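This report describes two residues of one strand and the two principal pockets of the model. The sequence and structure are shown first.

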Amino acid sequence: MTSKFSVPIKIISFLFFITINIANGQAQPNQSTLVFYLQDIGKGPKATVSPVIGINGKVWSYNTFGTIFVVDDPVTLSPDPFSTQIGKAQGTITVTSQDGANVNIVLSIVFNNVQYAASTLEIQGTSRQRDNLRELGVVSGTGRFRFARGFAVFETISYNPTSTQSVIRLTVTLAIP
């Protein structure tokens, strides 16, 4: 004898089982890793990063809580500043920890090359300035990177304290549905 609920329960259980198996068996989103280089200049007439506001009476610097910077770094294919430019890294950096160890970064990689034209990657998160490798989240994208998710690793590969020029390797690992 079967109860009047046993057939619907069996059907619901079967559908639940099918749903889980389909979800587990779905093709994974396309995953790829891209490597770019940010050409960062901290002072002078060609500065690409500049403080725009900070706490009154304090020096505006990367180590001073409350300082906000704007960024417009060229993005290139190699560490050489004269290599092919494929876009710009544009956004803001805010010193968010009292001791100056952490900054919050909101950065758009705006592509202008043929392969990724009119596309962007949106990166944000806390960067631990004193670490050699800083990992932030890729939270979105447009164009070829629409619905992108992943992470970006920033690594300073060279820094000249006299000119305040840095080359930062940006390794982006993405999952694009």
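Two residues are in contact when heavy atoms of one lie within 4.5 Å of heavy atoms of the other. The model discussed here is predicted.

**Residue Q39**

Q39 belongs to strand β1, which spans residues 30-41. Setting aside residues up to four places away in sequence, Q39 touches T48, D73, P74, T76, S78, P79, D80, P81, S166 and V167. With P79 there is also a polar link: the side chain of Q39 reaches the backbone oxygen of P79 at 3.2 Å. Is Q39 buried or exposed? Its relative accessible area is 7%, so Q39 counts as buried, the cut-off for burial being under 20%.

**Residue Y37**

Y37 lies in strand β1 as well. This residue has a relative accessibility of 10% and is therefore classed as buried. Apart from neighbours within four places in sequence, Y37 is in contact with P74, V75, T76, L77, S78, P79, I157, V167, I168 and R169. With R169, the side chain of Y37 forms a side-chain to side-chain polar contact of 3.3 Å. Y37 and Q85 are separated by 48 residues in sequence, and their C-alpha atoms are 9.3 Å apart.

**The pockets**

The largest pocket encloses about 660 Å³ of space. It is lined by 26 residues, of which D40, Y62, Q129, S166 and I168 are the closest to its centre. Two or more lining residues come from each of β1, β2 (49-53), β3 (68-76), β4 (85-95), β5 (102-111), β8 (149-160) and β9 (165-176).

The second largest pocket has a volume of about 300 Å³. Its lining comprises 14 residues, and those closest to its centre are Q39, I41, P74, P81 and Q165. Strands β1, β8 and β9 each contribute at least two residues to this lining. Q39 thus reappears here among the central lining residues, together with P74 and P81, which are among the residues that Q39 touches.

The composition of the two linings is set out below.

| Pocket | Nonpolar residues | Polar residues | Charged residues |
|---|---|---|---|
| Largest pocket | 13 nonpolar | eight polar | five charged |
| Second largest pocket | six nonpolar | six polar | two charged |

Residue S166 links the two parts of this account: S166 is one of the residues in contact with Q39, and S166 is also one of the residues closest to the centre of the largest pocket. Likewise, I168 is a contact of Y37 and is listed among the residues closest to the centre of the largest pocket.

Note on methods: Residues numbered from 1 in each chain as written. Predicted model: local features only at pLDDT ≥ 70, side-chain atom pairs only at ≥ 80, totals over all residues. Heavy atoms only, no water. Helix = DSSP H or I, 4+ residues; strand = E, 2+ residues; numbered from the N terminus. Buried < 20%, exposed > 50% of the residue type's maximum accessible area, 1.4 Å probe, protein only. Polar contact = N/O pair within 3.5 Å; in protein donor to acceptor, adjacent residues only side chain to side chain. 1 Å grid on protein atoms, 1.4 Å probe; cavity = no way out; pocket = protein on both sides within 12 Å on 5 of 7 lines; lining within 4 Å. Points joined across faces, edges and corners; volume = space filled by probe spheres on them. Nonpolar A, V, L, I, M, F, W, Y, C, P; charged D, E, K, R; others polar.
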